[in-house]
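Biologist: Before we go through this chain together, please show me the model and tell me how its features should be read.

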Amino acid sequence: MVWLLPIYFLVQTGYQLAAFHGIQSTFDNGDSYVASVTDFDVKQIAAQTNGYVVLNFSIDDGTVVEERLALPVQMAQVIMNSELIPVRYMESSFNPIVMMPVYELQKSVIKVNLGVTGFGLVVTLIISFFASRFARKRIVDGEDILEIERLDPENIE
């Protein structure tokens with residue numbers, strides 16, 4: 001069971017790498033559009049603040065794309081008063097829509113997430129290794145039997 005946590009961190013690292021590659025690919029190879037903001041909301045629950053934005057734009061073949069994107073508070077502050085947002089769009093990407101005003105911020109957030117997740121992966125791998133080694137040793141050698149011996153002066157004969 002102790003190995004489930006490193007596996008989780010490994011999956012999260014893979015997800016963050018896919019997200020980073022997705023926004024990078026969309027930014028580099030996607031088509032530029034101007035999206036209108038059809039809905040925007042920022043919610044504060046306890047100490048967490050997050051929100052969403054709904055973007056609507058038409059691509060070259062006439063298809064209307066409407067997407068609801070989650071926003072951390074830092075990104076929401078950047079686009080809060082915008083009615084039109086320049087975006088890059090590439091349908092086949094892991095992240096098909098990149099909002100241009102928050103692109104650099106989004107990249108830095110993903111890099112921080114990668115760092116934290118990578119650190120968590122390394123730490124849990126080390127802990128899991130030593131815990132497994134300890135458990136294996138206990139299984140092979142058995143547990144030490146503790147003998148409790150009283151050394152009180154009144155009980156000594």
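Modeller: Read along the sequence, the protein chain runs α-β-β-β-α-β-β-α, where helices are DSSP runs of H or I with at least four residues and strands are runs of E with at least two, numbered from the N terminus. This is a predicted model, in which local features need pLDDT of at least 70 and side-chain atom pairs count only at pLDDT 80 or more, while totals for chains, interfaces and linings use all residues. Residues are numbered from 1 along each chain as its sequence is written, and side-chain values use heavy atoms, with hydrogens and water left out.

Biologist: What does the radius of gyration say about the protein chain?

Modeller: The radius is taken over C-alpha atoms, and the globule rule is 2.2 Å times the number of residues to the power 0.38. Here the radius of gyration is 26 Å, well over the 15 Å that the rule gives for 157 residues, so the protein chain is more spread out than a compact globule. Its C-alpha atoms fill a box of roughly 100 × 35 × 20 Å along the principal axes.

Biologist: How much of the protein chain counts as buried?

Modeller: Buried means under 20% relative accessible area, exposed over 50%, and partly exposed in between, with a 1.4 Å probe and protein chains only; by that reading, 30% of the 157 residues are buried.

Biologist: Is isoleucine 145 buried or exposed?

Modeller: Isoleucine 145 is exposed, with a relative accessible area of 78%, and it lies in the segment after α3 (103-141). The C-alpha atoms of isoleucine 145 and tyrosine 103 are 61 Å apart, with their positions 42 residues apart along the chain.
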